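Here is a short report on a protein model. Have the sequence and the structure open as you read.

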Amino acid sequence: MKKKPGNVTFYVPHPLHYMLCYVTTVLSLATAIGVLYGIDLAIEKLVKMLF
Amino acid sequence: MKKNDFWKKIGITIGALLFVKVIAHVPVPGVKADLYQMAVTQYTNPSFSLMNQLSGGALSNMTILGLGISPYISASIIVQLLCAASEYLGNLSREGYYGQKKIEKLNILFGIASSVMIALIASFGLLRLGYLQKPSVFSTLLVAASLCLGAVFLIGIGKLIDKKGIGNGISLILFINIASTLPQDVRSVMEAKENGAVLLIIITTIILGIVLFMELSKKEIRILGSRSLQVSQDKELSHIPIKVAICGVMPILFVSTFQQIGGFLKMLHLDQGVLNFICKLFSSESWFMSKSPYSTGGIVLYLAMLTGFAFLYANLIFNPVNVASILKGRGNLIPNVRPGNDTVRFLRKERRSMVFFDVLLLAIISLTPIFLANVYSLPMLRLSGTTIIIAVSVVIETKRCVWAEFLGMRYDTKKWFD
């Protein structure tokens, strides 16, 4: 989606593109946080078990 | 790029980050861990919390990665400022691959030097406060060496990912540190207040939306090639893109580095005299509180630093003089603008408006959670702006890198002659 004709054009993403990016970013963030939390818990348990 | 190379890069990145997570559990030798952790849990300074969050909770547990990647980030900021101030370094940064390699070496050297300095201050602070098991010079130096080694290890891992993995190593380490502390922070916000979860979801949704808008939107300046002057103007038009997030997360990181230093000095009881005044100004606890004498001063200082650094950094990212000379050299021009000084002036004006827009959005993102946190007494909300903008930017950047590598792999493996 392009606005403001002339030498300079301000480009804003298409709403669908924006929504898609929003959803994928939220999913990526949630997955990363979940996986890292799981890894942290697993390492903590392992450390407690070993020492 | 071969198919195996892509998976090898993914494997190296994940392996290196996993290794960081394991090493983050190794405690610093010679510290009274229980006593220290008890003291830290009662200490609720926002600057210290930010530093702890950027280190992935390693600072509050006093593990060898306690300093996190912050010394390297502050060092690279100092080097960038030096590039703007010194002509020699400025020229070096514009010398392409060779210059960038030298600047990178300088970043690493400064990073190690600042790690040594911060580690020494921290260890002597711990000695002074009685957190060392054996209060001697040797054990103090041992603590300093462990913290310093941890910081150097993180720099090394970051560079390994840069070279042999996918994405920006330093950003990825920062991201895994932030991401691993987020679940605990969310839990503490929910426990602190009944409507804490709702407020957190609303803030996160809005901030995420603004950050994505900044990352995806851009200004395009049309340019005409020398060939396209002879044909219809509609046919051949190229453009110079300027992102809304022209400076990315750098201005926020820069200001938060100063805030962290304040929190660090306060934790070690080194905030005396003028330092005490500066620490109080930087502490976001008092901002938006009408009774606090530091409220307005702190916000003004924060905004001034954010704006100042954004302009300085934007000049390094997008230098109108360089862009104008490149355009002139290639026989390109901006329609209705004369090559040379007029083009420089035009580009400077366009860049200025983008930086102002960027700073405005960054200020909204970082100050709104602080305002809500202080009004609704939810201390953990204070950090959400800074951390979300860092996390989202890293996710978007990494997604782009993975996609680019993936396309590279498919391009190479495609059978063109079947």
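Helices (H or I, at least four residues) and strands (E, at least two) are DSSP runs, numbered from the N terminus. This is a predicted model: local features need pLDDT of at least 70, side-chain atom pairs count only at pLDDT 80 or more, and totals for chains, interfaces and linings use all residues. Residues are numbered from 1 along each chain as its sequence is written, and side-chain values use heavy atoms, with hydrogens and water left out.

**Chain B**

Chain B has 16 helices and two strands. Of its 418 residues, 50% are buried (under 20% relative accessible area, 1.4 Å probe, protein chains only). An unreviewed UniProt entry annotates "transmembrane region" in chain B, including residues 299-318 and 355-373. Such annotations may be inferred rather than shown by experiment. The table describes these two spans.

| Span | End C-alpha distance | Helix | Strand |
|---|---|---|---|
| Residues 299-318 of chain B | 28 Å | 95% | 0% |
| Residues 355-373 of chain B | 27 Å | 100% | 0% |

**Ser180(B)**

Ser180(B) sits in helix α9 (residues 169-192) of chain B. It counts as buried because its relative accessibility is 3%. A polar atom of its side chain lies 2.8 Å from the backbone oxygen of Ile176(B). Leaving out residues up to four places away in sequence, Ser180(B) touches Asp40(A), Lys21(B) and Gly56(B). Contact means heavy atoms within 4.5 Å.

**Helix α1 of chain A**

Asp40(A) is one of the buried residues of α1(A); among the others are Tyr18(A), Cys21(A) and Leu36(A). Helix α1 of chain A covers residues 15-50. At 1.5 Å a residue, its 36 residues should span 52 Å (1.5 Å times one less than the number of residues). The end C-alpha atoms are 52 Å apart, which agrees.

Note on methods
Chains are lettered from A and ligands numbered from 1 in the order in which they are written. A polar contact is a pair of N or O atoms within 3.5 Å; within protein, one must be able to donate a hydrogen and the other to accept it, and residues adjacent in sequence count only if both atoms are side-chain atoms.
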